[in-house]
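User: I would like to work through a protein model step by step. Please show me the sequence and the structure so that we may begin.

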Amino acid sequence: MTDLLKTKLSRRRVLQAAAVGAAGIDPALRALAYAQGSDKPEKEEVKIGFIPLTDCASVVMASVLGIDKKYGVKIVPSKEASWAGVRDKLVNGDLDMAHVLYGLVYGVHLGLSGPKKDMAVLMTLNNNGQAITLSKKLADKGAVDAPSLAKLIAKEKGDYTFAQTFPTGTHAMWLYYWLASAGIDPFKDVKNIVVPPPQMVANMRIGNMDGFCVGEPWGQRAIMDGIGVTAITTQDIWKDHPEKVLGTTADFVKKYPNTARAVTAAILEAGKWIDAGLQNKNKMAETIADKSYVNTSVDAINQRILGRYVNGMGKSWDDPNFMKFYNDGAVNFPYLSDGMWFLTQHKRWGLLKAHPDYLKVATEINRVDIYKQAATATKTPVPASPMRTSKLMDGVVWDGKDPAKYADSFKVKA
């Protein structure tokens, strides 16, 4: 038994909890059982890939703070160079799990943009906290949001290039949705390219793109370096949108179910720790700013994680919908409707040629069963339904009830 659990579990509590029976077993005891008893993790050292982004924080902090040990595993964070690299290493087994783009996992499962392999989403790692950045050159010409960008493109013909981070990923979908909201076809009216997140700012600096969508801290970094402006945050496209997930292969979960549950529980607890207060957020920013992780200055991270935004054009505001890692458990549940939304956008943009069985695919990938067990171990509330309703920036409501109709309803599509 670990020292931490020794302090939490008195003999009386053990006896009381044992008397309750399995249905009502004390969550802390259940965590102990996972780490020590019949549910002991089958694989105790777990290599988890991450890309240098603020939203890798709960994976990193679960390791740095030793929360992983409480659940009988050792998380080994592995810094990766690109999402394509993460995809390949997950598929070939060089990584056990990854901090990864939601849509990337779905794309691999369906064989879009690369190899096909059955995949699993164990939990959502964060909501919100990405942004679309436009170059200073565009801003100086009056293009500071989607409508003004559309006017400039119509008025000044030319090659406009926008970067996202992976063809089926979240940033591509936020960028396309935002462009299309102003009538800009992301494939016909502009050029779009793939650039790894840490390389976005350098590429904009030398003029390789006019805008990009990426996770923090790279939107803030562009402003601090004086090369870009924030046109919109992704939480203004979809409040509390799903972003990165803890992804792995279906084979891994089948072979190591206890390990999958233990790692999910550890990262859940790390997310809870980050969101617990200002001191923890600052500690997290100091930790992940290190060259081993994100490799940037602390001040590029520690403002936007508190909701303190500047747009590079003189505007500053406090955003209540900043990046969240736990939010009393509201962040982390792997909603089937969230996964299905990415499929609707893959169909909208021609990445999927025909409508899939949306609910079947989401049910195969999103391991609600594993998540619920980890939630019990960490005393994390679980929603009543695996579906949720969201209203996006254009007022269109997504509830997962008729995904094919939703996917076909957009005016701008492939």
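**His-109 and its surroundings**

User: In which helix is His-109 found?

Analyst: The model discussed here is predicted. In this model, His-109 belongs to a helix that spans residues 102-110. That element is helix 7.

User: Is His-109 buried or exposed?

Analyst: A residue counts as buried under 20% relative accessible area. The relative accessibility of His-109 is 6%, so this residue is classed as buried.

User: Which side chain forms a polar contact of 3.0 Å with the side chain of His-109?

Analyst: Leaving aside neighbours within four places in sequence, His-109 is in contact with several residues, including Lys-116, Asp-118, Val-361 and Glu-364. The His-109 side chain also reaches a backbone atom, the nitrogen of Met-119, at 3.0 Å. The side chain that makes a polar contact of 3.0 Å with that of His-109 is the one of Glu-364.

**Helix 6**

User: Why do the buried residues of helix 6 lie on the same side of it?

Analyst: Helix 6 covers residues 83-92, and its buried residues are Trp-83, Val-86, Arg-87 and Leu-90. They lie on the same side of helix 6 because the arc they cover around the axis is only 100 degrees.

User: Against which elements do the buried residues of helix 6 pack?

Analyst: Trp-83, Val-86, Arg-87 and Leu-90 are the residues to consider, as they are buried in helix 6. Their packing partners include helix 7, the helix that holds His-109. The full set is helix 7, strand 3 (97-101), strand 4 (119-124) and strand 10 (244-249).

User: Which residue with a positive phi follows helix 6?

Analyst: The phi of this residue is near 90 degrees. The residue is Gly-93.

**The open sheet**

User: Which strands are the edge strands of the open sheet of five strands?

Analyst: The strand order in this open sheet is 7-6-8-5-9, and the pairing is mixed. An edge strand pairs on one side only, as do the strands at 191-194 and 228-233. The edge strands are therefore strand 7 and strand 9.

User: Which residue of strand 9 stands opposite Ile-132?

Analyst: Strand 5 (residues 130-135) pairs with strand 9 in the antiparallel sense, over five bridges. In strand 9, Thr-230 is the bridge partner of Thr-133. Opposite Ile-132 stands Ile-232.

User: How many of the six residues of strand 9 are buried?

Analyst: Strand 9 is an edge strand and pairs on one side only. Nevertheless, strand 9 is largely enclosed by the rest of the structure, because the number of its buried residues is six of six.

Terms used:
Residues numbered from 1 in each chain as written. Predicted model: local features only at pLDDT ≥ 70, side-chain atom pairs only at ≥ 80, totals over all residues. Heavy atoms only, no water. Pairing = 2+ DSSP bridges. Helix = DSSP H or I, 4+ residues; strand = E, 2+ residues; numbered from the N terminus. Buried < 20%, exposed > 50% of the residue type's maximum accessible area, 1.4 Å probe, protein only. Polar contact = N/O pair within 3.5 Å; in protein donor to acceptor, adjacent residues only side chain to side chain. Contact = heavy atoms within 4.5 Å. Arc of directions from axis to C-beta.
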